[in-house]
Amino acid sequence: MSILAQHKYPLSPKHDVYTCLSPCLRTRVHCLATTTTTTTTKPRPNLDQLVIEPQLIPSQTLVTSPPSRPILNDPSLRSTWAHRAWVASGCTTVMISLAKSIMGAAESHMWLEPILESLVGYILADLGFGVYHWGIDNYGNAFQGHHKWPWTITRRQFANNLHALPRAVTFTVLPMDLASNDPIFLAFVGVCSGCIMFSQQFHAWAHTTKSRLPALVIALQDMGLLLSRSQHADHHRSPYNNNYCIVSGVWNEFLDKQQAFEALEMIVFFKLGVRPRSWSEPSSDWTEEIETSSRITAH
């Protein structure tokens, strides 16, 4: 009966069970039929049962290999001629901005506006570099080494510590210097770019003991015009998610109270699925080691 049923009521390719009628018994019988074939067909997925699960990029993917322990007289801390050339280029670019601003202000007898714009540039430089610092700490590759051995920044030679920022200033600010003669605009550009360019030196001074700092730097730190050692110390304590601004630090208290960087982290997480490092438990690969002779590897 099943054979006759297969000829009279062929199987649907979408079903394994079908209904056939027997002309003698006039009853409805449910028959199971199996078919065999010599060709292998790929099973068709049931789209209704597919579940799409979003996969978030874990924070571990942002962490590179553990940083190597610093050594005394490490060549990577020394300035090269290329470093010095970029610092000279950046300083020249900033000086062009300031010189053109001063000359333009003198010719137009307009001093108040350029001075005010210089102040705005100084304030915004602290904010701008704070955002940059937050980004590289949480999503970049510069976090581990500095946070594990923060004192190494005081061992870097001047041009070695600064060279990356003057290079960026040269490419971005020099075209503005050549295109504009506005003393107000150039005052803002010169002061803002100059503060950003030297921010790494301000950062290094914030890691240096007062006994090793020039008197002028100590005075500027005490006045709050430059980032101080005590103000920056909180940035190197768990949970490592505050005090990112390192020019003067004037924005740190406001941004931390408003949880501005936490809000940015939530935006990045929900848009890109990337967790910042500050959400993870501190790792031994980047928690601070105190500077002692026993912990420094010598040649």
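In this predicted model, the search for disulfides gives a count of zero. As a reminder, a disulfide is a covalent bond that links the sulfur atoms of two cysteines. Cys192 shows how the count comes about: the closest cysteine sulfur belongs to Cys195 and lies 7.2 Å away, which is too far for a bond, since a disulfide calls for two sulfur atoms within 2.5 Å. Cys192 is also a buried residue, because its relative accessibility is 13%. Another cysteine, Cys245, has a relative accessibility of 0% and therefore counts as buried too.

With the cysteines in place, the overall layout of the chain can be described. Its secondary structure consists of twelve helices and two strands. Reading from the N terminus, one meets a helix, then the two strands, and then a run of helices, in the order α-β-β-α-α-α-α-α-α-α-α-α-α-α. The chain has 299 residues, and 38% of them are buried. Many contacts bridge long stretches of sequence: among those between residues at least 6 apart, 72% join residues at least 24 apart.

How do individual helices pack against one another? The description of two packed helices rests on the angle between their axes and on the distance between those axes. A good place to start is helix H2 (residues 81–108) with helix H6 (residues 164–179), whose axes are 8 Å apart and meet at an angle of about 30°. Because angles under 35 degrees count as roughly parallel, H2 and H6 are roughly parallel to each other. The crossing of H2 past H6 is left-handed. On the H2 side, the contact is formed by Trp86, Val87, Ser89, Gly90, Thr93, Val94, Ile96, Ser97 and Lys100, while H6 supplies Pro166, Arg167, Val169, Thr170, Phe171, Val173, Leu174 and Asp177. Sorted by class, these residues of H2 and H6 comprise nine nonpolar, five polar and three charged ones.

A second pair brings together helix H3 (residues 112–139) and helix H12 (residues 260–272), with axes that come within 12 Å and cross at roughly 50°. H3 and H12 are therefore oblique to each other, and H3 passes H12 in a right-handed crossing. Here Gly130, Val131, Trp134, Asn138 and Tyr139 of H3 touch Phe261, Leu264, Glu265 and Val268 of H12. The contact between H3 and H12 contains six nonpolar residues, two polar residues and one charged residue.

Burial can also be followed along a single element. Helix H8 (residues 199–206) is largely enclosed by the rest of the structure, because seven of its eight residues are buried. The buried residues of H8 are Ser199, Gln200, Gln201, Phe202, His203, Ala204 and Ala206.

One of these residues, Ala204, leads to a loop elsewhere in the sequence. Thr154 sits in the loop that connects helix H4 (143–148) to helix H5 (158–162). Leaving aside residues up to four places away in sequence, Thr154 is in contact with Ala204, His207, Thr208 and Arg212. Is this loop residue buried or exposed? Thr154 has a relative accessible area of 18% and is therefore buried. Thr154 and Thr209 are 55 residues apart along the chain, and their C-alpha atoms are separated by 9.7 Å.

Key
Residues are numbered from 1 along each chain as its sequence is written. This is a predicted model: local features need pLDDT of at least 70, side-chain atom pairs count only at pLDDT 80 or more; totals for chains, interfaces and linings use all residues. Side-chain values use heavy atoms; hydrogens and water are left out. Axes are lines fitted to C-alpha atoms, for helices over the stretch in contact, and angles run from 0 to 180 degrees between N-to-C directions. Helices (H or I, at least four residues) and strands (E, at least two) are DSSP runs, numbered from the N terminus. Angles under 35 degrees count as roughly parallel, over 145 as roughly antiparallel, 65 to 115 as roughly perpendicular and the rest as oblique. A crossing is left-handed if the near helix is turned anticlockwise from the far one by less than a right angle, and right-handed if clockwise. Contact means heavy atoms within 4.5 Å. Ala, Val, Leu, Ile, Met, Phe, Trp, Tyr, Cys and Pro count as nonpolar, Asp, Glu, Lys and Arg as charged, and the others, Gly among them, as polar. Buried means under 20% relative accessible area, exposed over 50%, partly exposed in between (1.4 Å probe, protein chains only).
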